[in-house]
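Trainee: Before we start, could you show me the model and help me see how each label is earned? I would like to set every value against its definition.

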Amino acid sequence: MSEIYQQPDVRGHFGPHGGIYVAETLMPALDELRIEFEKAIKDPAFMDEYRYVLKHYVGRPSPVYHAERWSNALGGAQIYLKREDLNHTGAHKVNNTIGQALLAKRMGKKRVIAETGAGQHGVASATVAARYGMECVVYMGAEDVVRQAPNVYRMKLLGATVVPVTSGTKTLKDAMNEAMRDWVTNVDSTYYIIGTAAGPHPYPQLVRDFQVVIGEECKVQMQEMIGRQPDAILACVGGGSNAIGIFYPYIDVPNVRLIGVEAGGDGVETGRHAAPLTSNAKNGVLHGQRSYLMQDADGQISETHSISAGLDYPGVGPEHSHLKDIGRAEYVAINDDEALAAFHDLCLYEGIIPALESSHALAQAAKMAKTMRKDEVLLVNLSGRGDKDIPTIAKMSGIQL
Amino acid sequence: MSRIQSVMQQLAAQNRAALIPFITAGDPRPEVTVELMHALVDGGADVIELGVPFSDPMADGPVIQRASERALLHQVSLRRVLELVADFRQNNATTPVVLMGYANPVEAMGYDVFAQAAVAAGVDGVLTVDMPPEEALESAKIFKARGLDPIFLLAPTTPASRVKAVAELASGYVYYVSLKGVTGSANLDVADVAAKLAVLKQFISIPIGVGFGIRDAQTAQAVAKVADAVVIGSRLVQEVELGEAGLAERLRTFLSEVRIAMDSARR
């Protein structure tokens, strides 16, 4: 790439993607948020507080770990893991919720709302709401409430109200619809903490900018550990916040492949998946943005399938659509069974229980490592830990807990 | 002159406010939609807003969400909605029809393809709730070129600067959302609406309709005193939810009462 990458434009467009597609009532609130965010990110006091909280409350920097035993077993490239699972609350989501809670505080909002799929963002939102003394309401698809029961209880322990959403497909997209409805009703008092790098501008940019700490740390850590940058970086992509967080600082770094791993469900060829980029879905408008979107010929949003609630989403953040268009990132899909195999591998070879979401990136790394030389390096964003998935895995294995 | 413009001018000359009922196309099933549209006209509708079913109606409350779900059970696509409008036009050449829905079905069909097909079917205006003026520059241009009025929303939160942007793009009428919330929310505050409309009138020269929270003749009457048009949606969809038996007659009766109340209001 000859030009320095600089996205989005002033109205939040990443090429033909992004933008602001919401009902009029929310437009002034988004404008206010954009202005406040632009001020905050340039305000040293704000950024100092953000970094302080990340260090002392979240535990950053998160380590990079060489998964040596697993790499040896696979017999190819060396796999390194960025341990976002070791963050307070167990996933990368908290980097963003801290940033947004500080913004909410700065804007004088006393109530925050969030949508959640796997529950990680809901937990991270409930956590910061408790930390900053804000009321917190989390919308969660009724189906996800069942399959992510431990996280539902965690949110309740943290003082949040969890609202099961029974409309539509009862998953993440419906939770987001319901959060939007809450926001439009309570816009004066409420700050909407979107959990992924998607939604109306400025959210995709804002969430990215609060997640780039992942990739920035990796740049330093990889240099320290191996004296160079990895050959490829892999991250799972639902909406794509952990992926954009680790990719973004590397976009202008040559010779580092960026590989986003979508949820292949039963297989992209079966139609039962959640992989809009890999399946070459058309551009569409949903949840405030234009981006590649799984839909039928009439423009109705498709039902998605994934073992992982956090990836079970028909759309993707607009910057990933753009990175696909310009060829800077590659996107592939990993099926449920492949993700499960990687989940078990990491447990048994490394003593780490990964989130099912992150297991998709691990599975792709395993697939690639086998075909690569032993001196080549793959860096995987281990975006979350898998404790929340234990009931799902047990059930699939026919085990009664 | 567009059908919407001519209806609005006639009403203004008579010092009456327009009555704009909303139903979702294909709810409870597509076979009855045209009959229901005619019943709305018989009940006194001046313009019909016809909802285009969408899988993810983010700006709608539970009542209209369920209407979308019922219609989608019958695979009522945007193309099917256009066929229903064309059927309605067989027996009604005068009542304007405005499609109200979300961007993605239109995006999927293609803006110009849609605009041509909509005009051919007899559609007069389009309200895409999740497409604010900033993102609608292109589509509004295409719609106008094909003879469709792009209808935009204004909200209690909309500042003057944005009202001007809407005023530049909108034609037909603008739709003032009377409260912060989704469709079918709590009742509106008429004094509040009157104050806000007075401000909007400084920037907007086309008629201003008011909707969200109007559920009886009394409120409609109060709003008709200050607005150019009264939009009633969720209240009518609730009638649909009571079942198909006598539905057309119930819609007609309800609207007739609203119509009488509105027309008795001295504007």
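**From values to labels**

Mentor: Let us begin with one pair, since the side chains of A:R373 and A:D375 are joined by a polar contact of 2.9 Å.

Trainee: What makes the link between the side chains of A:R373 and A:D375 a polar contact?

Mentor: A polar contact is a pair of N or O atoms within 3.5 Å; within protein, one atom must be able to donate a hydrogen and the other to accept it, and residues adjacent in sequence count only if both atoms are side-chain atoms. The value for A:R373 and A:D375 is 2.9 Å, so the pair meets the distance limit. Keep in mind that this is a predicted model, in which local features need pLDDT of at least 70 and side-chain atom pairs count only at pLDDT 80 or more, while totals for chains, interfaces and linings use all residues. Residues are numbered from 1 along each chain as its sequence is written, chains are lettered from A and ligands numbered from 1 in the order in which they are written, and side-chain values use heavy atoms, with hydrogens and water left out.

Trainee: Where in chain A is A:R373 found, and is A:R373 buried or exposed?

Mentor: A:R373 is found in the loop between α14 (356–369) and β15 (377–382) of chain A; helices (H or I, at least four residues) and strands (E, at least two) are DSSP runs, numbered from the N terminus. Buried means under 20% relative accessible area, exposed over 50%, and partly exposed in between, with a 1.4 Å probe and protein chains only. A:R373 has 52% relative accessibility, and therefore counts as exposed.

Trainee: Which residues is A:R373 in contact with, leaving aside neighbours within four places in sequence?

Mentor: Those residues are A:G76 and A:A77, where contact means heavy atoms within 4.5 Å. In addition, the C-alpha atoms of A:R373 and A:Q78 are separated by 8.5 Å, although these residues are 295 places apart along the chain.

Trainee: Why does A:Q148 count as buried?

Mentor: A:Q148 counts as buried because its relative accessibility is 0%. Its place is in the loop between α6 (142–147) and α7 (149–157) of chain A, and, outside its neighbours within four places in sequence, its contacts include A:G117, A:M140 and A:K388.

Trainee: What makes the link between A:K388 and A:E357 a salt bridge?

Mentor: A salt bridge is a side-chain nitrogen of Lys or Arg within 4 Å of a carboxyl oxygen of Asp or Glu. The closest N and O atoms of A:K388 and A:E357 are 2.8 Å apart, so this pair satisfies the rule. The pair links distant parts of the chain, 31 residues apart, with A:K388 in the loop between β15 and α15 of chain A and A:E357 in helix α14 of chain A. Both A:K388 and A:E357 are buried.

Trainee: How many salt bridges are there over all chains by this rule?

Mentor: The count comes to 49. Another of them joins the side chains of A:E135 and A:R111, at 3.7 Å from N to O. A:E135 lies in strand β6 (residues 135–141) and A:R111 in strand β5 (residues 111–116), both of chain A, so the pair ties together parts that are 24 residues apart in sequence.

Trainee: Why are A:E135 and A:R111 given their burial labels?

Mentor: A:E135 has a relative accessible area of 46%, so it is partly exposed, whereas A:R111, with 13%, is buried.

Trainee: What do we find for B:E134 and B:R162 in chain B?

Mentor: Their side chains meet in a salt bridge of 2.3 Å, N to O. B:E134 lies in the loop between β4 (125–128) and α7 (137–146) and B:R162 in helix α8 (residues 160–169), so parts 28 residues apart in sequence are tied together. B:E134 is partly exposed at 24%, and B:R162 is buried at 10%.

Trainee: How do you know that the reach of helix α1 of chain A is close to what is expected?

Mentor: The expected span of a helix is 1.5 Å times one less than its number of residues. Helix α1 (residues 27–41) has 15 residues and reaches 21 Å from its first C-alpha to its last, close to the 21 Å expected. Among its buried residues are A:L30, A:L33 and A:F37.
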